Amino acid sequence: MQNIINKFSFLIFIFFLDILCYGQGSVTVLQNKNTNGSLLKLNIIKDKKVIQKIEYHYPEEYFGNSIYVEEPFEITDVNFDGFDDILIYLGSYGNQCVVYKDCFLWDVKKQKFENCSLFKDIPNPQIDESEKYIYGNIRNSSSHYEYEAFIWDGNGLKCKFKIHEVYSAMQLAELYNMDIPEEKDSGEYMLEFFDLDLALYDSVFYVKISYDNGKIEISKPYVEVFSDIPEKLNKNIK
């Protein structure tokens, strides 16, 4: 009789945790509530057996913002392989409330979740299933914005490109990290270097930095908006 009661209680427990549960075939993720604020415990259940226990210790730099959330994790297909993964909310930071999340990917062969630690460095991560990109964006200052695009390949998560949006030629000099002659104004010098009209001194510039197998290419500054910047990011970052 006691066993029947225990099984019934377990089913009720799962039912009321539907927000924190995830079904992938016979795999379910449950949060263990008996933890302190700096530790998140997840039980991975298959065929009514716990096949994996994840004890996630929040990084110290995120700890203060990570514990006061109603839903500490979410379930979604992060790497576009058809299997859902786990994203752990790490809080939001600064005046811009930049959001960070950590990631655990489902390994089909190993039948377990494994951490992809690089994911937690992506600011405001957004998953674009149609384009197969992970986008990030951040406002570094009132006049400097950064957009990032990540892809998955055989070696894991890779940054494909970054686009910097700056509002003065002075910032271009900093971005390109070039030596400016002492007798030259840094902003004017950068415009002259790229054969740009000095009338553009206070215009908006876009600089694309591409990454390909360790090779880095930095573009000439443009004054028109790159089509690579998804409209949704362009709106959210302002």
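# Two cores and an aromatic corner

At 11% relative accessibility, Phe194 counts as buried, where buried means under 20% relative accessible area, exposed means over 50%, and partly exposed lies in between (1.4 Å probe, protein chains only). This is a predicted model, in which local features need pLDDT of at least 70 and side-chain atom pairs count only at pLDDT 80 or more, while totals for chains, interfaces and linings use all residues. Residues are numbered from 1 along each chain as its sequence is written, and side-chain values use heavy atoms, with hydrogens and water left out.

## The aromatic cluster

Let us stay with Phe194 for a moment. Its ring centre is 5.1 Å from that of Phe193, and the planes stand at 85°, so the two rings are edge-to-face. Rings of Phe, Tyr and Trp (its six-membered ring) pair if their centres lie within 6.5 Å; planes under 30 degrees apart are called stacked, over 60 edge-to-face, and the rest tilted. Phe193 is partly exposed, at 46% relative accessibility.

Phe193 also pairs with Tyr189: this pair is tilted, with 6.5 Å centre to centre and 35° between the planes. Both residues belong to helix 4 (residues 186–193) and sit four residues apart, about one turn of the helix. An α-helix has 3.6 residues a turn, so residues three or four places apart point the same way. Together, Tyr176, Tyr189, Phe193 and Phe194 make up one aromatic cluster. The whole structure holds nine aromatic pairs.

Elsewhere, a charge meets a ring: Lys208 lies over the face of Phe161, at 4.7 Å from the ring centre. The criterion here is NZ of Lys or CZ of Arg within 6 Å of the ring centre and within 35 degrees of the ring normal.

## Helix 3 against helix 4

How do helix 3 and helix 4 cross? The axes of helix 3 (residues 169–176) and helix 4 come within 7 Å and cross at roughly 75°; axes are lines fitted to C-alpha atoms over the stretch in contact, with angles from 0 to 180 degrees between N-to-C directions. The two helices are therefore roughly perpendicular to each other, a label for 65 to 115 degrees, with under 35 roughly parallel, over 145 roughly antiparallel and the rest oblique.

On the helix 3 side, Ala169, Met170, Leu172, Ala173 and Tyr176 meet Ser186, Gly187, Met190 and Leu191 of helix 4, contact being heavy atoms within 4.5 Å. Six of the eight residues of helix 3 are buried, so this helix is largely enclosed by the rest of the structure. Those buried residues are Ala169, Gln171, Leu172, Ala173, Leu175 and Tyr176. Their cover includes strand 10 (133–141), strand 11 (144–153), strand 12 (156–166), helix 4, strand 13 (205–212) and strand 14 (215–218).

## The nonpolar cores and the overall fold

The protein has five helices and 14 strands, taken as DSSP runs (helices H or I, at least four residues; strands E, at least two) numbered from the N terminus. Of its 238 residues, 42% count as buried.

The largest nonpolar core has 20 residues, and those with the most contacts inside it are Ile44, Ile54, Tyr56, Ile86, Ile88, Leu90 and Phe113. Strand 2 (27–32), strand 3 (39–46), strand 4 (49–57), strand 6 (85–93) and strand 7 (98–107) are the elements that give two or more residues to this core. A second, separate core of 13 residues includes Val78, Cys116, Leu157 and Cys159. Such a core is a set of buried Ala, Val, Leu, Ile, Met, Phe, Trp, Tyr and Cys residues joined through side-chain atoms within 4.5 Å.

Asp77 is found in the loop between strand 5 (73–76) and strand 6. It is buried, with a relative accessible area of 17%. Not counting residues up to four places away in sequence, Asp77 touches Gly82, Phe83, Asp84, Asp85 and Ile127. Asp77 and Glu129 are 52 residues apart in sequence, yet their C-alpha atoms are 8.6 Å apart.

## Positive phi values

Most residues other than glycine have a negative phi, and most peptide bonds are trans. Here are some positive cases.

| Residue | Phi | Place |
|---|---|---|
| Lys48 | about 65° | loop between strand 3 and strand 4 |
| Lys132 | near 60° | loop between strand 9 (126–128) and strand 10 |
| Asn177 | about 50° | just after helix 3 |

Lys48 is exposed, with a relative accessible area of 81%, whereas Lys132 is partly exposed, at 41%.
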